Structure formats: C-alpha cells, structure tokens
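The exercises that follow are meant for a reader who is meeting this structure for the first time. Please look through the sequence and the structure before working through each solution in turn.

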Amino acid sequence: MKEAIKVRELVKRYDSIEAVKKISFTVNEGEIFGLIGPNGAGKTTTLRILSTLLTITSGTVEVMGYDVGREPDEVRKIISYLPEDAGAYKNLTGKGYLQFIANFFNPRENKSMVERGVAIAGLGDRINDRIDTYSKGMKRRLLVGRALMTNPKVAILDEPTSGLDVSNAQEI
C-alpha cells in the first residue's frame with residue numbers, strides 16, 4: 001500500500017517551547033488516521049505543518065511523496081485542509097458558498113464539485129438558506145462538504161466533528 005503521509009522525527013519549536021517533540025507516523029492511501037492526545041500536545045501544530053502553513057524545525061514530512069518543506073506548492077495542489085476554527089461567509093447561502101469556493105478550482109468541474117459538496121453537507125433544502133441562520137453543527141457540515149468536494153488526494157481535517165451531534169459525528 002502506498003504511503004499518503006510520512007512523518008519522521010518531526011519537531012516544531014517556538015523559541016524555547018517545543019510544541020511537537022520528535023513524532024513519527026505513516027498514513028497509507030485510503031486510511032483514516034486520527035491524532036489523539038491532550039490539549040497542548042501539538043496535534044493542531046502537526047496538522048498545520050502537514051498543510052504547509054507552518055515550517056518544520058527539524059525532521060521530515062512528506063505528503064504523497066512531496067516534501068512539505070521543499071515542495072509546499074505541490075502539496076497544496078493535492079490536499080484539502082479544514083481548520084478547527086474555519087468559518088464561512090455568513091451572508092451567502094450554503095450553496096452560494098460552495099459555488100464561491102468551487103470557482104477557485106477547475107471551472108469545468110464547478111457544477112459537479114458543488115453537487116458533491118451539497119451531498120456531503122447533507123443539509124437538504126437548508127443549503128439554500130443564508131449561513132448566518134445555520135446552527136454550529138450545520139456550519140460544520142457545510143465546511144466538511146467544502147473540504148471534501150474537491151476530491152483531494154489527502155484531506156486534513158482538524159476536529160471535523162466539533163459542534164456536531166452524535167449521529168452526524170458518526171456519519172463524518
């Protein structure tokens with residue numbers, strides 16, 4: 001099985017604080033992998049490094065064979081990242097938001113991408129309502145739909161079930 005993510009001896013320091021301490025792991029293609037640990041353990045920092053948002057202090061990180069430190073642009077082409085604190089444009093409808101995001105990608109696939117996002121979000125007719133009328137869980141479902149509608153090779157989701165009820169969290 002091909003490795004989607006390979007992390008070796010990863011360290012991230014902020015001055016004297018070591019946020020990530022020599023972690024190593026591998027995630028194979030098709031595998032769902034979760035980072036579990038106490039608050040402050042470096043989970044979000046690790047995901048931000050995988051997503052090319054933070055630089056590595058030491059160690060190596062590869063996503064689909066691309067070195068995150070040396071080839072961040074290539075990594076960004078194949079991943080989707082959903083931060084824990086992501087937001088959406090409140091004055092748009094859910095579908096309008098998905099269309100807005102899809103416009104950043106291949107225009108020929110725009111319609112099918114939006115349809116995929118709508119299906120993943122599973123908001124029914126509420127997809128046509130303004131986002132500022134959504135509950136926290138509905139917003140999170142919309143954002144998960146946004147993150148996955150592009151069919152990324154690697155989806156990096158930070159707390160994807162935050163704000164969701166038990167049945168929706170299980171579905172995710």
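**Exercise 1.** Over the face of which residue does K12 lie, and at what distance from the ring centre?

*Solution.* Bear in mind from the outset that this is a predicted model. Begin at K12 and look for the ring beneath it: the residue is Y14, and K12 lies over its face at 5.2 Å from the ring centre.

**Exercise 2.** Find how many aromatic pairs the structure holds, and classify the pair F25 and F33 and the pair F100 and F104.

*Solution.* Start with the count, which is four aromatic pairs. Next take F25 and F33, whose ring centres are 4.9 Å apart and whose planes stand at 15 degrees; planes under 30 degrees apart count as stacked, so this pair is stacked. The two partners can then be placed by accessibility: F25 is buried at 11% relative accessibility, whereas F33, with a relative accessible area of 36%, is partly exposed.

Turn now to F100 and F104, where the centres are 5.3 Å apart and the planes are at 90 degrees; since planes over 60 degrees apart count as edge-to-face, the pair is edge-to-face. Here F100 is partly exposed at 35% relative accessibility, while F104 has a relative accessible area of 60% and is exposed. As a last step, follow the ring pairs outward from these two residues, and a cluster appears that links Y89, Y97, F100 and F104.

**Exercise 3.** Describe the largest nonpolar core, and state which element gives the largest share of its residues.

*Solution.* The largest nonpolar core has 20 residues, and those that touch the most other members are I5, L50, V63 and V154. Several elements supply at least two residues each, among them strand 2 (17–28), helix 1 (43–50) and strand 3 (58–63). The largest share, however, comes from strand 1, which gives four residues. To see one member in its setting, take I5 and leave aside its neighbours within four places in sequence: I5 is then in contact with F25, T26, V27, L50, E62 and V154. A second core of 18 residues, separate from this one, includes L82, V114, M138 and M149.

**Exercise 4.** Describe the space in the largest pocket and the residues that line it.

*Solution.* The largest pocket holds about 860 Å³ of space. Its lining comprises 32 residues, and I32, F33, A155, I156 and L157 lie nearest the centre of the pocket. Elements that give two or more residues to this lining include helix 4 (110–121) and helix 5 (136–148), but the largest share, four residues, comes from strand 6.

Note on methods. Residues numbered from 1 in each chain as written. Predicted model: local features only at pLDDT ≥ 70, side-chain atom pairs only at ≥ 80, totals over all residues. Heavy atoms only, no water. Core = buried A, V, L, I, M, F, W, Y, C linked by side-chain atoms within 4.5 Å. Buried < 20%, exposed > 50% of the residue type's maximum accessible area, 1.4 Å probe, protein only. Contact = heavy atoms within 4.5 Å. Phe/Tyr/Trp six-rings, centres within 6.5 Å; stacked < 30°, edge-to-face > 60°. Lys NZ or Arg CZ within 6 Å of the ring centre and 35° of its normal. 1 Å grid on protein atoms, 1.4 Å probe; cavity = no way out; pocket = protein on both sides within 12 Å on 5 of 7 lines; lining within 4 Å. Points joined across faces, edges and corners; volume = space filled by probe spheres on them.
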